[in-house]
4 protein chains.
Amino acid sequence: MCRFLAYTGEPVFLDTLLIEPASSLVSQSLAAREAKTLVNGDGCGVGWYGARAEPGVYRGTLPAWSDANLASLCHQVEAPMFLAHVRSATSGEVSMANCHPFAAGRHLFMHNGQIGGYDRIRRSVEAMIPDDLYARRRGNGDSEAIFLAALGHGLDADPVTALARTLAVCTRMMHANAIASALRFTAILADGDSLIAIRWASDDHPPSLYWRQLDTGIAIASEPFGDPGDAWHPVPPGSVMTAGRGEVSFNDFVVAA
Amino acid sequence: MCRFLAYTGEPVFLDTLLIEPASSLVSQSLAAREAKTLVNGDGCGVGWYGARAEPGVYRGTLPAWSDANLASLCHQVEAPMFLAHVRSATSGEVSMANCHPFAAGRHLFMHNGQIGGYDRIRRSVEAMIPDDLYARRRGNGDSEAIFLAALGHGLDADPVTALARTLAVCTRMMHANAIASALRFTAILADGDSLIAIRWASDDHPPSLYWRQLDTGIAIASEPFGDPGDAWHPVPPGSVMTAGRGEVSFNDFVVAA
Amino acid sequence: MCRFLAYTGEPVFLDTLLIEPASSLVSQSLAAREAKTLVNGDGCGVGWYGARAEPGVYRGTLPAWSDANLASLCHQVEAPMFLAHVRSATSGEVSMANCHPFAAGRHLFMHNGQIGGYDRIRRSVEAMIPDDLYARRRGNGDSEAIFLAALGHGLDADPVTALARTLAVCTRMMHANAIASALRFTAILADGDSLIAIRWASDDHPPSLYWRQLDTGIAIASEPFGDPGDAWHPVPPGSVMTAGRGEVSFNDFVVAA
Amino acid sequence: MCRFLAYTGEPVFLDTLLIEPASSLVSQSLAAREAKTLVNGDGCGVGWYGARAEPGVYRGTLPAWSDANLASLCHQVEAPMFLAHVRSATSGEVSMANCHPFAAGRHLFMHNGQIGGYDRIRRSVEAMIPDDLYARRRGNGDSEAIFLAALGHGLDADPVTALARTLAVCTRMMHANAIASALRFTAILADGDSLIAIRWASDDHPPSLYWRQLDTGIAIASEPFGDPGDAWHPVPPGSVMTAGRGEVSFNDFVVAA
């Protein structure tokens with residue numbers, strides 16, 4: 001599984017959270033303690049909100065630990081909201097187009113998890129994607145498909161409902177195809193104003209998700225980083241956390257059976 | 001548009017045809033005389049038949065002229081049949097997965113041309129691809145889609161008919177979507193025994209295709225290369241050329257309206 | 001030869017100068033009108049000054065026209081001073097380490113030209129590089145070598161003199177090795193406060209260099225871009241132009257024989 | 001540290017040794033049991049001898065486990081002698097030019113280890129490289145430098161002596177610069193006829209090296225692979241193993257103090 005980190009708060013240089021801390025995301029790309037695959041070396045990416053309405057995105061196929069552009073960018077860019085992701089490929093080969101975060105309009109999306117048996121229902125999942133968005137699909141993995149499908153389900157207006165509907169349809173497709181493996185979905189969606197972080201699975205094993213109040217804002221990450229004494233809180237399974245403008249709220253995240 | 005070259009005959013080192021001749025494919029990657037886009041710098045690829053039932057494939061995103069691996073491989077590999085391609089991207093971004101040739105089983109396929117208005121009918125074109133092949137689709141361009149769709153139309157048993165049927169369906173989709181631009185299809189399919197080269201378009205402008213009898217075999221290419229006096233013959237528009245085991249034959253290639 | 005562009009003035013988004021104008025640097029990467037090599041497809045790079053003391057740098061081996069990260073970065077980053085470069089390799093293979101601009105401390109450097117017969121004097125040129133800088137040399141081309149050697153000749157304190165001295169030593173090395181081809185050096189050095197643009201050659205053919213007063217600042221480029229009526233001025237051969245804080249000055253650039 | 005494998009014997013497909021066995025080199029790229037760095041994800045390479053006098057070489061910056069070209073090449077190429085390497089960068093950044101094996105004429109060379117304090121003596125080490133070879137130096141790491149320096153010390157005529165002399169000079173340079181860390185050198189040199197494998201260090205910790213008699217030939221590798229019961233023999237520290245034409249011999253490898 002992959003690892004990721006998102007931040008919202010006062011503008012900070014990306015490297016202060018992504019590179020400098022102990023067990024930072026870049027060092028996690030070499031060995032993630034809680035992840036099932038030890039190495040997240042199948043590409044990396046960052047997305048950030050700056051002076052434009054649309055976020056900036058950098059994605060590359062090299063492991064994060066050896067990507068000099070990523071290091072320079074994270075040292076240089078200061079942002080009030082950003083997402084970062086290191087990939088361990090499950091569906092979709094190693095390519096820039098399959099790296100997270102994915103961008104569409106003002107939204108950024110990244111995902112840790114997978115649709116069980118995706119190859120058997122890929123076309124059905126993709127059928128949920130509106131035509132205009134489908135023409136811009138670049139990769140071939142499940143994460144980008146969920147994001148684009150959710151845009152078709154009204155993500156712009158009501159993102160949590162749109163994602164829940166998308167996952168509900170995926171779940172039904174899996175049942176219809178007698179796929180026994182689980183749908184696991186720990187993901188973060190950003191729009192420049194707030195972060196929406198979801199931790200959910202069709203079984204009891206949603207990928208880990210933690211959050212922490214920093215001096216300057218809120219960090220949400222696949223696993224804690226920084227000093228051992230730092231207070232990280234798990235995001236409960238089956239819930240959605242919203243963070244932005246200094247506020248944090250939690251709700252149940254329910255996917256209709 | 002792209003440029004390509006295919007060869008069948010006695011085993012030759014790939015570089016004797018791809019790199020050493022005047023106006024070779026690699027130098028064509030810098031400036032192709034008959035192509036509409038001057039530079040074919042959006043990746044390259046070679047596929048060749050060796051001791052295995054399945055062909056070898058090398059594809060990369062660098063321009064052919066600066067790809068040291070391509071140069072070493074072409075210098076080292078000797079083969080009785082091979083395909084090579086330099087890309088000028090029309091549909092599908094620059095990525096390894098969108099580079100030609102595409103491989104499936106014992107087949108190799110490469111294409112120069114495009115489906116007009118592809119983005120508007122992409123999903124319909126992809127709907128022709130059988131599920132098991134669809135799960136292995138890696139790129140997002142029209143060329144790979146045509147190849148996989150033709151496999152679903154019986155390319156294994158009767159490749160010319162399968163390709164004609166696939167193009168016929170594409171043409172009907174274009175009509176149904178009121179797409180005015182043309183479908184142009186100059187392509188080569190190989191199976192280790194023979195090369196099938198097709199030059200066809202829905203209008204009067206199929207991309208160029210030439211062939212030549214060499215001392216060691218047959219070369220088929222987007223445009224002539226080598227010494228000016230070399231005898232290259234155009235493959236007529238609307239025809240299919242089959243070459244293999246020392247023989248060459250020509251037939252009409254008809255796409256049902 | 002390569003193509004480049006530098007800017008100093010009010011902060012602007014990089015793409016307003018690099019991508020949007022007619023004949024922009026990215027479109028120049030496909031066909032540069034005044035350059036001797038038609039295609040500048042051997043990598044690209046940008047460097048910019050932001051909130052840090054040291055500049056940010058992005059470099060990649062793909063041609064500029066197909067580099068999605070470059071496009072996103074240039075759309076997102078707003079800077080009061082930046083450099084951009086598209087490469088046509090002369091010395092040093094295509095690699096990230098050989099892409100311009102080169103960075104050291106607060107300095108950025110990019111170069112269009114070459115040291116004639118560089119391979120024969122490479123080691124001597126490199127001998128001018130101080131030990132601590134040599135340990136950080138990443139590429140193997142002449143441009144990076146000149147930059148690092150000039151740092152050893154006091155570029156921090158007096159950049160014009162340091163570059164002139166470096167080129168003088170190179171010229172003597174070329175004479176000593178009976179190298180007949182020319183040393184051509186059109187280059188830009190930045191430190192966050194000002195741009196120093198030099199156009200010089202040991203013969204009568206220094207690579208082209210132009211500058212223009214924009215509404216927001218000064219642009220210096222290998223060749224004019226934008227609307228045909230825009231007023232571009234050539235930087236005279238054998239001269240150095242300094243631009244920064246709204247002022248422009250010109251001086252002779254003399255390399256001692 | 002890196003991992004590598006070399007083979008000499010009857011022609012075999014490369015993947016039968018590099019990919020198919022349990023704990024193969026490609027799976028070792030994810031987790032090498034005896035290596036000090038857990039991941040060898042900083043690029044990979046193979047070199048092989050075919051019908052040409054010079055070997056073929058493929059090198060790439062992606063981790064071996066995600067390199068589709070490497071997999072296809074290893075499945076397709078059959079060779080009586082080949083070298084393969086997965087890198088964990090110590091000196092020299094991640095780039096194609098720093099990937100092993102290095103080629104010069106009919107020779108291939110790969111290395112696992114490092115020159116302690118290399119950055120402080122890099123220029124002195126490079127001073128051993130003959131001018132004509134120096135012009136072709138592509139990377140900036142210690143391994144390529146040792147290989148090219150040994151070519152200058154007569155590697156063509158007497159490879160073991162040339163390598164021993166090169167290491168002796170390196171050792172003296174380290175002493176002269178008061179470098180306390182060790183010079184560790186486990187390496188394989190091939191010329192198409194035989195493999196020369198050396199395991200040596202200036203301290204008591206030369207990187208591991210094993211060899212095994214296969215049905216078809218001899219394999220030499222950083223660590224055993226295949227079934228647990230397979231009989232692998234360590235190459236003793238301070239020794240050189242020569243394998244070729246069905247014969248194996250061992251000698252002391254002495255580096256003059």
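This passage describes two chain interfaces, one helix and one buried arginine in a predicted model.

In this predicted model, local features need pLDDT of at least 70 and side-chain atom pairs count only at pLDDT 80 or more, whereas totals for chains, interfaces and linings use all residues. Residues are numbered from 1 along each chain as its sequence is written, chains are lettered from A and ligands numbered from 1 in the order in which they are written, and side-chain values use heavy atoms, with hydrogens and water left out.

Chain B and chain D each contribute 21 residues to their contact, where contact means heavy atoms within 4.5 Å. The area buried between chain B and chain D is about 1700 Å², and carbon and sulfur atoms give 51% of this area. Buried area is the accessible area (1.4 Å probe) that two parts lose on being put together, summed over both. On the side of chain B, the residues that lose the most area to chain D are Arg52(B), Asn69(B) and Gln76(B), together 40% of what that side buries.

Two kinds of polar interaction were counted across this interface. The rule finds 2 salt bridges between chain B and chain D, a salt bridge being a side-chain nitrogen of Lys or Arg within 4 Å of a carboxyl oxygen of Asp or Glu. A salt bridge joins the side chains of Asp15(B) and Arg52(D), at 2.9 Å from N to O. The rule also finds 12 residue pairs in polar contact across the interface of chain B and chain D, both residues at pLDDT 80 or more. A polar contact is a pair of N or O atoms within 3.5 Å; within protein, one must be able to donate a hydrogen and the other to accept it, and residues adjacent in sequence count only if both atoms are side-chain atoms.

On the side of chain B that touches chain D, the elements giving two or more residues are β3 (56–60) and α3 (68–76) of chain B. Helices (H or I, at least four residues) and strands (E, at least two) are DSSP runs, numbered from the N terminus. The most comes from α3(B), with 6 residues.

Chain B is superposed on chain D by a rotation of 180° with 0.0 Å of shift along its axis (RMSD 0.0 Å). The two copies are thus related as by a two-fold rotation axis. In chain B, the C-alpha nearest the axis belongs to Val77(B), 4.3 Å from it. Copies are superposed by least squares on the C-alpha atoms of residues with pLDDT of at least 70 in both. The copies meet through the same surface, because 100% of the interface residues of chain B are also interface residues in chain D.

For chain A and chain C, 21 residues of chain A are in contact with 21 residues of chain C. About 1700 Å² is buried between chain A and chain C, 51% of it on carbon and sulfur atoms. The side chains of Asp15(A) and Arg52(C) form a salt bridge (2.9 Å, N to O).

In helix α3 (residues 68–76) of chain D, the buried residues are Asn69(D), Leu70(D), Ser72(D), Leu73(D), Cys74(D) and Gln76(D). Buried means under 20% relative accessible area, exposed over 50%, and partly exposed in between (1.4 Å probe, protein chains only). At the start of α3(D), a side-chain oxygen of Asp67(D) reaches to within 3.0 Å of the backbone nitrogen of Asn69(D).

Arg212(A) lies in strand β9 (residues 210–213) of chain A. Arg212(A) is buried, with a relative accessible area of 18%.
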